[in-house]
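Here's a quick tour of a chain, written for someone who likes to check contacts and strand pairings by eye. Have a look at the model first, then read on.

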Amino acid sequence: MKALLIVPALVLAAALGVLTASCGSDGDATPAGPVPSVADEETVTGATTVEVPPSTTTSPEGEAVADPGVVTYQVWWANTDGLFVTYRTQEKTLRVGTAAIEAVLEGPEDFEQDYGLTTSVPEGTQLLGLVIEDGIARVDLTSEFESGGGSASMQTRLAQIVYTITQFPTVKGVLFSLDGEPIDVLGGEGVVIDHPLTRRDYVDLLPPILVTGPTFEQPVSSPVVIRGSANVFEANVTVKVLDADENVIAETFTTATCGTGCRGTYRVSVPFELDGEQDGWIVVHDDD
């Protein structure tokens, strides 16, 4: 099993950090708390919190520094292996939760589609409201959200919204409404959603190995920090850095915080050497 992504090599990388964010409905904004960092990751039998890379700019000295004027957040898609996460960066807003959900509704960008990312959210679905209270996000969508697709599509579109909004620590569960009316069952397939939905409800949709960073086309330099989550035999994963010709220029292994039946997180720093800037690959795989 492999998880692949392309990153230009030997360009200044962003430093890890924590962003603050908040979200709310079109009315009063409700604080959502900080976007989770690596310190928030936990090993559970369900899903794990995913680190959000910081928004940065480059100083005159060429160093990456935090950009206080923008916010970066997760947006969850699907591919042939299951769920996959990418990121959006925009001007800082008090309604970042709304922005994150609206990004899902807009669908993956062209370059993300080129990497095989898709969405199960029906075209035309709009966000009518988002209210966060007592740890529960109440998401009101238009009725297009339940149109088309079978039960697998229904589960995936729910998971995309749930994973996207539960990136914020103050959101513990999600309830859905359509056209202003709370619903307990979604679509003709009869998918029951009569309780606050969490990431644990959709952990089976995650691939055995998920790479959460670096993300597609992110510039990196040596050493590159590679992170994600995995549920593989004995929690062992091998990490390789390949140059543009797919030659292995660095290789190491690490152990996730859980494995063989449970999902854990991994994070490893990998040094590499190249003579000049070029495209490259990061490959994360298990013993097979």
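## Salt bridges around Arg 88

A salt bridge here is a side-chain nitrogen of Lys or Arg within 4 Å of a carboxyl oxygen of Asp or Glu. Keep in mind that this is a predicted model. By that cut-off, the side chains of Glu 112 and Arg 88 meet in a salt bridge, at 2.8 Å from N to O. Glu 112 sits in helix 2 and Arg 88 in strand 7, so the pair ties together parts that are 24 residues apart in sequence.

How many salt bridges does the structure hold? There are two. Arg 88 also pairs with Glu 109, with the closest N and O atoms 3.7 Å apart. That contact links distant parts of the chain too: Glu 109 is in the loop between helix 1 and helix 2, 21 residues from Arg 88 in strand 7.

So which of these residues are buried or exposed? Arg 88 is buried, with a relative accessible area of 12%, and Glu 112 counts as buried at 1%. Salt bridges that share partners join Arg 88, Glu 109 and Glu 112 into one network. As for Glu 109, its 38% relative accessibility makes it partly exposed.

## The strand 6 and strand 7 hairpin

Arg 88's strand has a close partner in the fold. Strand 7 (residues 82–91) runs antiparallel to strand 6, and 10 bridges join them. A hairpin of two residues makes the connection between the strands, and Val 75 stands opposite Thr 86 in strand 7. Nine of the 10 residues of strand 6 (residues 70–79) are buried, so this strand is largely enclosed by the rest of the structure.

## Helix 1 and what follows

Helix 1 (residues 96–106) is largely enclosed as well, because nine of its 11 residues are buried. Among the buried ones are Val 96, Ile 101, Val 104 and Leu 105. Just after helix 1, Gly 107 takes a positive phi of about 90°.

Helix 2 covers residues 110–114 and includes Asp 114. With 66% relative accessibility, Asp 114 counts as exposed. Asp 114 also belongs to a negative surface patch, together with Asp 110, Glu 217, Glu 277 and Asp 279.

## An open sheet

Four strands make up an open sheet with mixed pairing, in the order 8-9-10-11. Its edges are strand 8 (127–133) and strand 11 (181–182), each pairing on one side only.

Inside that order, strand 9 (residues 136–141) and strand 10 (residues 173–178) run parallel and are joined by six bridges. Leu 141 stands opposite Leu 178 in strand 10.

Technical notes
Residues numbered from 1 in each chain as written. Predicted model: local features only at pLDDT ≥ 70, side-chain atom pairs only at ≥ 80, totals over all residues. Heavy atoms only, no water. Patch = residues over 30% accessible without salt bridge, like charges linked within 9 Å, V, L, I, M, F, W, Y side chains within 5 Å. Areas by Shrake-Rupley, 256 points an atom, 1.4 Å probe, with all protein chains shown as cover. Lys, Arg positive; Asp, Glu negative; His and termini not counted. Charge placed at Lys NZ, Arg CZ, Asp CG, Glu CD. Buried < 20%, exposed > 50% of the residue type's maximum accessible area, 1.4 Å probe, protein only. Pairing = 2+ DSSP bridges.
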